[in-house]
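Colleague: Hey, got a minute to walk me through this one? I'd like the overall picture, then some details.

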Amino acid sequence: MVEYYPAQSGLGGKLQATYISVPQAEHTNAVLLSRPAWMWGAEIGVNEHGVCIGNEAVFTKGKYARTGLTGMDLLRLALERADTARDAVSLLIRLLEQYGQGGNCGFDHEFFYDNAFLVMDRTEIYVLETAGGHWVWRRCDSAGISNRLSIGLDGDAYCGGMAYDFKKRHTEPVFTHFSGSKCRRGQTQACLAGAQGVADCMRALRSHKTGCAPFRSGSVSSVCMHFGAMVGDHTTASMIVELRPKDIVVWTTGSSVPCVSLFKPWLFGASPCAPVFVGEDASAKAYWLQAEQFRRGLIGREVPQEYDAQRDALEADWLEQAKTLAAEDFPAFSRACMEQERQFFDRWRRHAFPAASSSRAFLSRWEKKNAALERAQTE
């Protein structure tokens with residue numbers, strides 16, 4: 001769900017995160033969050049000051065804590081309370097040391113892990129990696145994170161003050177290898193090397209490993225991750241934040257697997273309109289679920305090149321219009337983009353996507369995943 005929470009002041013008392021409560025701050029920033037419906041925290045987000053944070057699971061040695069602040073809780077707390085990227089890194093560390101990280105982060109199964117964070121604002125970029133209560137951070141010119149530790153002896157600051165090979169000491173090799181994270185990080189690093197703007201970021205988020213057949217086989221090694229292999233999951237939402245000198249434009253799908261989604265524009269602080277909703281609005285979950293019905297209907301099907309061409313043409317038009325659009329005209333523009341998206345999917349829902357060869361194991365895994373989603377909606 002993509003949710004906007006306005007700034008608040010005069011707060012106090014306790015705040016209930018996903019599993020534990022912490023003292024509430026007196027003031028919280030306005031934030032835009034991409035949040036799992038069943039958790040308090042968020043996977044990606046941006047605040048009114050242009051602080052952006054993304055979170056990834058990392059697999060480390062030792063036992064994971066059964067409770068604590070989840071990585072997504074930590075992300076949301078930092079966005080609500082920090083005015084700069086550097087302040088956000090410091091706050092993430094303080095919260096980690098005070099409350100610890102932990103708790104089940106699996107929607108339909110138990111899934112425990114530690115966390116890495118990509119933190120940036122208009123002037124700085126940081127990567128913060130953790131292993132239990134240990135941490136390391138590095139300031140970067142550009143960076144991408146995946147489901148693996150990446151900082152060795154090249155960190156700028158280490159818990160305890162002494163530099164050591166953080167990656168070598170804390171990496172759990174088996175889960176890290178089978179997560180496909182090495183391949184995915186290689187794809188994003190290659191895209192970063194030549195990225196010039198939002199359109200390049202869209203292409204990066206849609207990238208698939210060579211040989212991947214989306215909707216016909218699972219791919220844990222693709223940036224645009226598709227469920228269905230023996231291990232791995234689904235890219236549930238995607239977001240690109242355009243930090244302009246005077247404002248912030250967010251391009252977000254509000255839906256899973258960006259290869260068949262559209263990135264819609266929203267001016268930070270404007271009146272929410274789909275796929276951005278006011279915080280706690282049940283329509284946010286309904287929007288994601290409706291979009292997911294279309295995507296799951298593509299399982300075992302072939303998506304024609306014409307689909308991609310129409311998707312790209314729509315987004316190219318939106319990107320061009322957004323370059324010079326005045327702030328006061330943005331709300332109407334966002335609503336117009338949403339209407340064009342509705343028309344786009346109305347056309348393609350009537351399209352007969354041709355069946356494609358898929359393994360029985362792949363289809364069986366999806367049958368179980370669909371059943372789990374149906375159960376969750378009725379509970």
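**Looking around the chain**

Modeller: Sure! The protein chain has 10 helices and 16 strands. Keep in mind that this is a predicted model.

Colleague: How compact is the chain for a globular protein of that length?

Modeller: As compact as one, because its radius of gyration is 20 Å, close to the 21 Å that the globule rule gives for 379 residues. Along its principal axes, the C-alpha trace spans about 60 × 50 × 45 Å.

Colleague: OK, helices next. At what angle do the axes of H1 and H2 cross?

Modeller: Roughly 135°, and the axes come within 9 Å. H1 covers residues 71-81 and H2 covers residues 85-99. That angle makes H1 oblique to H2. The crossing of H1 past H2 is right-handed.

Colleague: And which residues meet there?

Modeller: From H1 you get Leu74, Leu75, Leu77, Ala78 and Arg81, and they meet Ala88, Leu91, Leu92, Leu95 and Leu96 in H2. The residues of that contact split into 9 nonpolar, no polar and 1 charged.

Colleague: Switching to strands. What's the strand order in the open sheet?

Modeller: There are 9 strands in the order E12-E11-E10-E9-E8-E7-E6-E1-E16, and the pairing is mixed. At the edges sit E12 (157-158) and E16 (276-278), each pairing on one side only.

Colleague: How about E9 and E10, parallel or antiparallel?

Modeller: Antiparallel, with 5 bridges joining E9 (residues 114-120) to E10 (residues 125-131).

Colleague: And what stands opposite Met120?

Modeller: That's Ile125 in E10.

Definitions and conventions
Residues numbered from 1 in each chain as written. Predicted model: local features only at pLDDT ≥ 70, side-chain atom pairs only at ≥ 80, totals over all residues. Heavy atoms only, no water. Axes fitted to C-alpha atoms, helices over the stretch in contact; angles between N-to-C directions. Helix = DSSP H or I, 4+ residues; strand = E, 2+ residues; numbered from the N terminus. Parallel < 35°, antiparallel > 145°, perpendicular 65-115°, else oblique. Left-handed = near helix turned anticlockwise from the far one by under 90°. Contact = heavy atoms within 4.5 Å. Nonpolar A, V, L, I, M, F, W, Y, C, P; charged D, E, K, R; others polar. Pairing = 2+ DSSP bridges. Rg over C-alpha atoms; globule rule 2.2 N^0.38 Å.
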